[in-house]
Amino acid sequence: MSLRDLILKADAIDLLRDNMKLQEIADKLGCTAADGSVEITAINSLDDAVNGEISFLTDKSYSSKLVATKASAAIVPKGTDSVEGVVLLYVDNVDEAVDILLQMFAPELEGPDFQHHPTAAVAPSAKLGKNVIVGPSAVIEKGVEIGDNTTIGAGSYIGQKVKIGSNCRIWPNVVVNHCCVIGDKVDINSNTSIGTDGFGYRMVDGKHKHIPHIGNVVIEDDVEIGANVCIDRAKFGSTVIGTGTKIDNLVQIAHNVKIGANSIIVSQVGIAGSCHIGSYVVLAGQVGMGDHAVVEDRVMVGPKSGIMQGQVVAAGSKVIGNPVQNFSDVMRQIAVIKKLPDMAKKVNKVLKQID
């Protein structure tokens with residue numbers, strides 16, 4: 001059953017765009033359709049698509065799925081063999097074409113019927129730009145500055161002297177604590193907390209005494225942050241998230257961390273204090289970094305890997321493991337480990353002969 005059918009079956013509001021002819025899709029993608037009259041109702045995977053839906057194939061090695069699909073049409077790389085019963089749209093870049101297609105079918109959500117909801121609390125000294133939307137029960141404290149066309153979601157808290165740029169989307173229940181700075185076109189998803197005190201203590205008279213954190217968090221332009229992310233303020237100076245970096249849900253970034261431009265931080269990553277991460281870095285799921293570790297530009301760190309305190313991972317490396325090692329070295333180690341049972345049998349056989 002298609003997503004559209006499920007929505008209708010649940011008696012929900014039909015948010016999906018109206019059906020469209022395949023020719024309309026082909027025109028948008030800049031390609032041709034053997035039969036442009038086919039009506040398309042939705043986009044779906046090759047496995048789940050049904051008649052009337054369009055799918056896609058990114059890798060020719062999965063062509064068997066294209067043969068088996070029930071989709072009416074599919075976007076495919078140029079040179080893909082034709083399939084009976086499926087109209088193929090040949091493109092140079094399937095990922096780019098799917099991106100365009102998803103935008104064509106994206107839900108048409110209505111904007112709010114208010115600008116500043118009557119239950120929102122906005123300090124008189126706050127400076128709000130043009131077309132700023134403030135949702136129900138949101139709080140905007142003294143000295144806040146918010147740029148044009150930014151939305152502050154329901155229940156969000158914007159602390160004193162925070163600066164938020166233009167065209168940002170702060171989703172419901174986000175906390176941005178005092179003095180933090182957020183650039184333009186930043187998207188922060190629900191329940192994320194920016195600028196909480198860092199986890200820093202010293203022992204005094206046998207007790208852990210909290211160390212004041214008087215710095216802030218600086219989030220540069222075009223950053224996207226998932227749900228339930230925590231980014232701690234610096235002890236002094238700034239915790240920095242670089243331009244274009246994308247952060248998945250459930251990530252912890254500690255005080256004084258510096259992350260460069262256009263990096264990818266995947267879910268459940270934990271980054272300890274004062275780590276430095278370069279630009280175009282990928283940290284896969286559940287990577288852990290000890291404090292003061294350095295990951296240089298264009299490094300790829302595999303899932304569940306551990307980077308030790310103070311360790312430096314050289315630019316361009318591809319690493320995995322705990323502690324991390326070169327990916328190819330780890331793969332060779334695994335290959336040897338797989339042979340150990342047979343090797344043990346041979347060694348035992350030799351030992352018996354010696355005895």
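These legends describe close-up views of a predicted model.

**View 1. Eleven strands form an open sheet.** The strand order is 9-12-15-18-23-26-29-32-35-38-39. Pairing in this sheet is mixed. Strand 9 (133-134) and strand 39 are the edge strands. Each of these two pairs on one side only. In general, strands of a sheet pair through backbone hydrogen bonds, either parallel or antiparallel.

**View 2. Strand 26 meets strand 29 inside the sheet order.** Strand 29 covers residues 264-265. The two strands run parallel. Two bridges join them. Look for Lys 246: its bridge partner in strand 29 is Ile 264.

**View 3. Thr 245 sits in the loop between strand 25 (238-241) and strand 26 (246-247).** Is Thr 245 buried or exposed? Thr 245 has a relative accessible area of 0%. Buried means under 20%, so Thr 245 counts as buried. Its contacts, leaving aside residues up to four places away in sequence, fall in two stretches of numbering. One holds Asp 222, Val 223 and Glu 224. The other holds Ile 259, Gly 260, Ala 261, Asn 262 and Ser 263.

**View 4. The side chain of Thr 245 makes polar contacts with backbone nitrogens.** One contact goes to Asn 262. Here a polar atom of the Thr 245 side chain lies 3.3 Å from the backbone nitrogen. Another goes to Ser 263, whose backbone nitrogen is reached at 3.1 Å. Asn 262 and Ser 263 are also among the residues that Thr 245 touches.

**View 5. Asn 173 has a positive phi.** The value is near 65 degrees, in a residue other than glycine. Asn 173 lies in the loop between strand 15 (169-170) and strand 16 (175-176). How much of Asn 173 is accessible? The relative accessible area is 41%, so Asn 173 is partly exposed.

**View 6. His 292 also has a positive phi, near 65 degrees.** This residue, too, is other than glycine. Its loop runs between strand 33 (288-289) and strand 34 (294-295). His 292 is partly exposed, because its relative accessible area is 48%.

**View 7. A cis peptide bond joins Asn 322 and Pro 323.** Omega is about 0 degrees at this bond. Where is Pro 323 found? Pro 323 belongs to the loop between strand 38 (318-320) and strand 39 (325-326). Strand 39 is also an edge strand of the open sheet in the opening view.

Methods: Residues are numbered from 1 along each chain as its sequence is written. This is a predicted model: local features need pLDDT of at least 70, side-chain atom pairs count only at pLDDT 80 or more; totals for chains, interfaces and linings use all residues. Side-chain values use heavy atoms; hydrogens and water are left out. Helices (H or I, at least four residues) and strands (E, at least two) are DSSP runs, numbered from the N terminus. Buried means under 20% relative accessible area, exposed over 50%, partly exposed in between (1.4 Å probe, protein chains only). A polar contact is a pair of N or O atoms within 3.5 Å; within protein, one must be able to donate a hydrogen and the other to accept it, and residues adjacent in sequence count only if both atoms are side-chain atoms. Contact means heavy atoms within 4.5 Å. Two strands pair if DSSP finds at least two bridges between them.
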